[in-house]
Amino acid sequence: MGKAIVIASGKGGTGKTMLAANLGVTLARQGHNVVLIDLDTGLRNLDLCLGMENNIVYDVNDVLTGVCRIKQALVKVKAFPGLRFMAASPQKPSGEITPLHIKVLCNKLKKKYDYIIIDAPAGIDDGMVVATGGCDMGVIVVTPEYASLRNAQIVKETIAAQGIEKIAYVVNRIDLNLMKSGRAPSFDEVTKNIRDNIVGIIQEDENIHISTNLGIPIASITDTPISARFVAMAARIRRMLDEE
Ligand SMILES: Nc1ncnc2c1ncn2[C@@H]1O[C@H](COP(=O)(O)OP(=O)(O)OP(=O)(O)O)[C@@H](O)[C@H]1O
Ligand SMILES: [Mg+2]
């Protein structure tokens with residue numbers, strides 16, 4: 001049986017979509033069958049991060065409303081055998097989507113795929129709660145800003161309230177120069193309350209920014225320090241998922 005992971009954050013723009021794409025690519029490169037699902041309905045952009053914007057016919061909503069079968073909405077991500085992608089709907093759906101809908105979808109996908117990675121909308125509104133349906137683990141992306149750190153605590157409580165016990169953190173956009181000069185919270189401040197559950201730390205890096213804009217996930221460029229970070233992160237996440 002596969003496992004589902006929701007990628008969340010309290011603040012917008014922390015790097016959820018970047019992380020989802022690169023984690024998906026990393027796991028697929030290791031030979032796993034992976035599905036990336038964009039649930040940031042209305043503001044979707046995982047397709048852009050993967051360079052897949054011209055390949056979408058059906059989206060998650062079409063699956064949930066019976067317009068198409070799951071298979072029809074799963075797009076193969078070019079260059080990565082084993083990686084599939086399901087796009088978010090560009091508009092808010094007319095009917096209500098509940099966590100149970102996503103749970104049913106995840107449970108079907110878990111029979112065939114090893115990892116389902118869900119890119120959630122920012123915040124703790126209904127859209128994020130829906131994205132946790134059927135998930136075995138939550139990964140919260142924080143950035144070195146006080147607002148992000150405070151919001152992360154609230155996101156953690158919201159995810160835990162959905163019955164998800166495995167919750168990890170990725171600290172993204174670390175800029176050591178800003179930290180050292182006191183213009184951003186120090187590393188200790190950032191990690192104080194989450195230290196035991198950090199699965200990855202990613203530096204601020206213009207190559208990451210460029211790669212998301214080009215639609216080429218940075219982890220796909222092998223044997224670089226950044227791709228090694230994603231490999232280590234994927235290993236920690238897998239270990240947490242495998243723990244009883
Ligand atoms: N470590 C990094 N270094 C430089 N740029 C980054 C880094 N992580 C993310 N970015 C850039 O920050 C922007 C926001 O990233 P991304 O879209 O992944 O965030 P998000 O959390 O999904 O945002 P939203 O809440 O709007 O969905 C993108 O332009 C991305 O390229
Ligand atoms: Mg996003």
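Two strands pair if DSSP finds at least two bridges between them. Keep that in mind, since the tour begins in a sheet. Helices (H or I, at least four residues) and strands (E, at least two) are DSSP runs, numbered from the N terminus.

You are looking at a predicted model, where local features need pLDDT of at least 70, side-chain atom pairs count only at pLDDT 80 or more, and totals for chains, interfaces and linings use all residues. Residues are numbered from 1 along each chain as its sequence is written, while chains are lettered from A and ligands numbered from 1 in the order in which they are written.

**Stop 1: the sheet**

Color the strands. You should find an open sheet of 8 strands in the order E3-E4-E2-E5-E1-E6-E7-E8, with mixed pairing. Which strands stand at the edges? They are E3 (75-76) and E8, and each has a single partner strand, so one side of each is left without a neighbour in the sheet. As background, strands of a sheet pair through backbone hydrogen bonds, either parallel or antiparallel.

**Stop 2: E6, E7 and E8**

Select residues 137-142, which are strand E6, together with E7: the two pair in the parallel sense over 6 bridges. Click on Met-137 and you'll find Lys-166 of E7 opposite. Now add helix H7 (residues 146-161), and you have a right-handed β-α-β unit made of E6, H7 and E7. "Right-handed" means that, with the strands pointing away from the viewer, the path from the first strand over the helix to the second runs clockwise.

On to E8, residues 198-203, which pairs with E7 in the parallel sense over 4 bridges. Val-171 has Ile-201 in E8 as its bridge partner.

How enclosed is E7 itself? A residue is buried if 20 or more other C-beta atoms lie within 10 Å of its own, exposed if 12 or fewer, and partly exposed in between, with C-beta atoms placed from the backbone. In E7 (residues 166-174), 7 of the 9 residues are buried, so the strand is largely enclosed by the rest of the structure. Pick out Arg-173, which sits in strand E7. Arg-173 isn't a glycine, yet its phi is positive, at about 65°. Arg-173 is also buried, with 22 other C-beta atoms within 10 Å.

**Stop 3: E2, E3 and E4**

Head for the E3 end of the sheet order. Strand E2 (residues 34-38) runs parallel to strand E4 (residues 83-86), and 4 bridges join them. Two spots to click: Leu-36 is opposite Phe-85 in E4, and Ile-37 has Met-86 as its bridge partner there.

E3 and E4 are antiparallel, joined by 2 bridges. Val-75 is bridged to Phe-85 in E4. The two strands form a hairpin with 6 residues between them. Stop at Ala-79 in that loop: its phi is positive, near 80°, in a residue other than glycine. Ala-79 counts as partly exposed, with 14 C-beta neighbours inside 10 Å.

Show the side chains of E4 before moving on. In a regular strand the side chains alternate between the two faces of the sheet. Here, Leu-83 and Phe-85 point one way while Arg-84 and Met-86 point the other, and all are buried.

**Stop 4: around ligand 1**

Select ligand 1. A residue counts as near a molecule if its C-beta atom, placed from the backbone, lies within 6 Å of it. Which of the 19 residues around ligand 1 come nearest? They are Gly-12, Gly-15, Thr-17, Met-18 and Thr-212. Helix H1 (16-29), E7 and H10 are the elements that give two or more residues to this shell.

Next, select H1 on its own. With 14 of its 14 residues buried, H1 is largely enclosed by the rest of the structure. Just after H1, look for Gly-31, where phi is positive at about 95°.

**Stop 5: Thr-212**

Finish at Thr-212, in helix H10 (residues 206-214). Buried or exposed? Thr-212 is buried, with 20 other C-beta atoms within 10 Å. Two residues are in contact if their C-beta atoms, placed from the backbone, lie within 7 Å. Leaving aside neighbours within four places in sequence, Thr-212 is in contact with Met-18 and Cys-49. For a last distance, try the C-alpha atoms of Thr-212 and Val-231: they are 19 residues apart along the chain and separated by 18 Å.
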